[in-house]
Amino acid sequence: EDYVDAINSYDEAAKAKDLPNDRTANVLLNRGSAYLKIRKFMEALQDMNACLEAQPDIEIAYFRKGVIYFEMEEFESAKAAFAHGMKLRQEQQKNRETAPYARYIRKCNAEIADEEGTIAAAVPANAPAAPVAAPAAAARQAHLLLE
């Protein structure tokens with residue numbers, strides 16, 4: 001596919017002054033997606049932001065914005081975009097699958113944890129705490145390991 005030609009076509013469409021907000025948003029969404037495909041992340045991000053300015057309830061724009069941030073290794077921003085998009089999808093389309101959002105949020109958590117050198121961010125906040133061994137039992141176990 002020739003994404004550069006697509007970008008040029010969307011550039012022409014974006015120049016129209018009398019487009020309603022939903023059409024402008026659609027042009028920007030599609031051009032931003034083409035930029036994403038050729039890994040021009042800053043241009044893609046600008047288009048996704050402009051798309052959401054024109055029409056803030058476009059759920060897929062948040063998903064693509066999350067992908068852009070993820071590719072730029074800005075995992076906190078990616079996670080926020082995915083979370084917002086997932087919320088919109090749940091509100092707008094109750095029966096639509098949210099697994100792609102959840103999968104990317106888990107990936108963001110893992111990357112954030114890796115950056116912090118911890119595993120805390122990779123564990124869901126509502127996960128049960130791991131059982132803690134009593135101090136005496138832990139000491140006995142440690143002693144057995146040393147023998």
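Let's start at Glu-73, which is exposed, with a relative accessible area of 57%. Keep in mind as we go that this is a predicted model. Glu-73 sits in the loop between α4 and α5 (75-92), and its phi is near 60°, a positive value in a residue other than glycine.

Arg-39 also has a positive phi, about 65°, although it is not a glycine. You will find Arg-39 in the loop between α2 (21-37) and α3 (41-54), and it is exposed, with a relative accessible area of 52%.

Now for the charged pairs. A search of the whole structure finds six salt bridges, and the table shows some of them.

| Pair | Closest N and O atoms |
|---|---|
| Asp-11 and Arg-31 | 2.7 Å |
| Glu-71 and Arg-39 | 3.3 Å |
| Arg-89 and Glu-59 | 3.1 Å |

What does the salt bridge between Arg-89 and Glu-59 tie together? Arg-89 lies in helix α5 and Glu-59 in helix α4, so the pair connects parts that are 30 residues apart in sequence. Both Arg-89 and Glu-59 are buried. Salt bridges that share partners also join Asp-11, Arg-31 and Asp-47 into one network.

Let's look again at Glu-59. Its relative accessible area is 6%, and it belongs to helix α4 (residues 59-71). Not counting residues up to four places away in sequence, Glu-59 touches several residues, including Gly-85, Leu-88, Gln-92 and Tyr-101.

Finally, compare two members of the network: Asp-11 is partly exposed at 22% relative accessible area, whereas Arg-31 is buried at 14%.

Methods
Residues numbered from 1 in each chain as written. Predicted model: local features only at pLDDT ≥ 70, side-chain atom pairs only at ≥ 80, totals over all residues. Heavy atoms only, no water. Helix = DSSP H or I, 4+ residues; strand = E, 2+ residues; numbered from the N terminus. Buried < 20%, exposed > 50% of the residue type's maximum accessible area, 1.4 Å probe, protein only. Contact = heavy atoms within 4.5 Å. Salt bridge = Lys/Arg side-chain N within 4 Å of Asp/Glu carboxyl O.
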